[in-house]
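Dear colleague,

I am passing on the structure we spoke about, with some notes on what turned up in it. Please open it alongside this message and read the two together.

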Amino acid sequence: MQIGLRRGSPPCPQCGGGHSARQRCPLDPAPSRLEPLDAFAPPAPPPRGSLARGMSGRPSTLRAVGAWAGGIVGTTVLITCLSVVAHLIGDLTRSGSDVVASLTGAVVSIVVGAVFGLGLLFVSARAYAKAVSALLAVVLVTAGFLMMVFAPVARQMNTPDLAEYRAFDVLLGFGGVALAAGIVLGAACVAWALRPYALRRVAGWSRLLGTAYGVIHGLSGIAIMFALLALIHRTSGADQQSIAYQAIALSVVAALSLAPGVLLTYHGISSMMGEGSDEFRPPVARLWLLVWAAVLVAGGVAMAQDPPTALPMPLLHVLAAALPGVVLVGLVARGAAGRGRPVRGLTWRQVTLAPAIAISLGVTLALYVEGIGDFAAVVLALVHHGAFETDVWDTVGRSKEILTRNEQFAVNAVAAALVAPLIEEFAKGLGVRFMMRRYTTRAQAMTLGAAAGAGFGFVEALSYGLAGVHDNAARWWLYMLVRGGSTTLHVFNTSLVGLAWWYWSFGERPRVAAALFGTAVLVHAAWNGLLVTLTSRIFGLETLDQRAIAIAAYVIVGAVALALVAALPAIARRLREPTPPPVGGTPLAAMTPWLGHAAP
């Protein structure tokens with residue numbers, strides 16, 4: 001049975017192969033220039049039910065004014081009711097408050113906000129109402145989760161203004177309601193966004209918003225570059241080691257702004273102008289590996305000087321963070337360290353926008369969720385410790401002094417080995433899903449996943465490499481070498497996530513998709529959990545000195561990275577499409593004029 005073919009599916013009538021119906025046939029010519037980013041099916045008529053459109057579907061001036069007015073009024077009512085509900089929930093937690101009046105006011109505000117807020121928005125401007133609903137779902141889920149986290153904190157507090165047991169019931173009850181409402185509303189928004197007409201609308205707005213995002217971040221990156229140039233030329237009377245660190249720090253900020261900014265701006269504008277994109281030509285991994293080694297050597301020599309040489313370090317630091325991803329993408333796209341057999345049918349737009357989305361949207365989403373998860377883990381650990389008495393924020397700020405070593409390990413393990421793998425693998429995979437098309441194959445999906453993972457690894461290498469420079473500038477090359485190993489992990493995992501998206505969206509095998517995504521999460525969790533165990537120094541590791549722990553960490557990172565580097569091209573080769581049979585000398589050769597080609 002051929003891999004990727006759904007059980008019971010008939011073979012392809014054209015090539016006799018076992019690809020699914022949605023997969024491009026190997027005998028079909030691969031386009032060298034593909035359509036713009038948002039080229040879906042032809043536009044469908046707009047949905048009915050909006051005041052902004054008349055019976056003929058064309059905008060009416062009066063109805064458009066009514067839609068704008070309804071949108072403004074509905075948004076104002078919704079924000080006002082949310083503010084009132086938040087104030088009344090806080091009032092319910094205080095001792096001496098009128099419980100009946102506050103509870104009645106909260107319920108009335110919720111009803112008014114749902115009917116005259118969201119209801120008016122859906123009647124007047126349905127598309128805008130759904131966008132507001134998506135934002136509201138995020139707010140409700142976040143607020144509900146945090147209220148449920150702080151509910152046990154209220155029972156430990158001992159202040160005269162707080163009604164401890166009532167506050168516990170209020171926070172737990174309203175938190176559960178808000179969390180459930182946010183999940184239901186978010187699921188409804190996702191169901192709407194997956195409709196064909198909504199996909200076209202979202203794709204059209206994504207080009208505009210992506211271009212605006214790219215322009216803003218590109219301009220901020222240029223401004224930081226000017227500040228960088230001024231800094232590295234300011235040498236008189238300044239600490240050269242401090243200037244080298246600041247130069248690298250500014251280069252990190254500039255790269256994080258310029259990289260996604262330039263890519264989103266260029267592709268957004270070219271897509272809106274109807275421009276296509278040339279076919280992607282994968283890099284040769286072994287050539288770029290030599291370039292990366294040269295960069296590490298040059299940067300190591302510059303940082304080993306006394307004082308360190310600041311001038312070349314911004315460029316070298318960015319290259320040292322980016323080149324491992326280039327090498328790994330080449331391994332996946334060609335299936336070998338040399339020229340191999342490159343994957344066909346991808347465009348430069350797809351391969352470069354996948355990491356740009358992973359850097360911008362993926363990193364932002366991961367930081368948001370991980371920040372909330374880390375904070376909740378610390379608070380719950382302090383609750384278990386019984387540390388809350390009077391000042392909540394002072395207790396949270398002194399968590400490292402209050403929690404024992406085992407409790408700190410538990411908090412770090414939950415944050416790094418549970419929350420981070422789940423959200424990061426999902427967030428990185430969004431760039432892959434946005435760049436997939438109807439004719440995307442498994443090999444192309446894996447290549448897009450490798451590119452998205454390389455973008456995420458680029459961000460981590462820039463950031464963690466900067467932290468290493470602050471600790472010991474002379475070991476810059478070692479820190480960046482280790483970050484290359486972590487980039488390998490991101491590329492491998494996101495390659496599996498890319499395959500999972502393909503099996504979910506095109507292969508119609510959800511179990512295989514779930515297994516691939518679960519494997520990526522488990523590998524990431526094992527990696528993070530092992531490193532947390534080493535740095536926490538528990539389970540007998542406290543008897544070892546710091547040097548032995550560091551050597552063990554380097555050996556583990558190196559061994560895992562080498563194993564993943566060997567696995568990537570092996571998996572990629574197994575996913576290649578079969579080579580089309582030769583046409584010459586067969587009955588098919590006589591049909592060449594009918595296929596639109598000139599006869600030999």
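The expected span of a helix is taken as 1.5 Å times one less than its number of residues. For helix 12 (residues 405–435), which has 31 residues, that rule gives 45 Å, and since its end C-alpha atoms are 44 Å apart, the model agrees with the expectation. Even so, helix 12 carries a kink of about 40° at Ala 420, shortly before the proline Pro 421. Helix 4 (residues 164–193) can be treated in the same manner: its 30 residues reach 42 Å from the first C-alpha to the last, close to the 44 Å expected.

Please keep in mind that this is a predicted model, with a mean pLDDT of 81 for the protein and 82% of its residues at 70 or more. Among the elements, helix 8 (residues 313–334) has the highest mean pLDDT, 94, whereas strand 1 (residues 33–34) has the lowest, 39. The pLDDT is also below 50 over residues 1–8, a stretch that nevertheless has 17 contacts in the model beyond near neighbours in sequence; it stays under 50 over residues 588–600 as well, where the model has 7 contacts beyond four places in sequence. Where pLDDT is low, the predicted coordinates should not be read in detail.

Turning to the interior, the largest nonpolar core has 48 residues, and those with the most contacts inside it are Met 446, Leu 448 and Leu 568. Several helices give two or more residues to this core, including helix 8, helix 12 and helix 16, while helix 14 gives the most, with 10 residues. Leu 448, for its part, is in contact with residues that include Leu 346, Val 351, Val 432 and Met 435, leaving aside its neighbours within four places in sequence. Apart from this core lies another, of 42 residues, among them Val 85, Leu 121, Ala 129 and Leu 162.

The buried residues of helix 4, among them Phe 168, Leu 171, Phe 174 and Cys 189, pack against helix 1 (61–92), helix 2 (99–124) and helix 3 (126–156).

Is Arg 576, in the segment after helix 16 (546–574), buried or exposed? Its relative accessible area is 13%, under the 20% cut-off, and therefore Arg 576 counts as buried. Polar atoms of its side chain lie 2.7 Å from the backbone oxygen of Ala 333 and 3.0 Å from the backbone oxygen of Arg 341. Arg 576 also touches other residues, including Val 332, Gly 335, Pro 342 and Ala 443.

With best wishes

Technical notes:
Residues numbered from 1 in each chain as written. Predicted model: local features only at pLDDT ≥ 70, side-chain atom pairs only at ≥ 80, totals over all residues. Heavy atoms only, no water. Helix = DSSP H or I, 4+ residues; strand = E, 2+ residues; numbered from the N terminus. Bend = angle between axes of the 7 residues up to and from the residue. pLDDT = per-residue confidence, 0-100. Contact = heavy atoms within 4.5 Å. Buried < 20%, exposed > 50% of the residue type's maximum accessible area, 1.4 Å probe, protein only. Polar contact = N/O pair within 3.5 Å; in protein donor to acceptor, adjacent residues only side chain to side chain. Core = buried A, V, L, I, M, F, W, Y, C linked by side-chain atoms within 4.5 Å.
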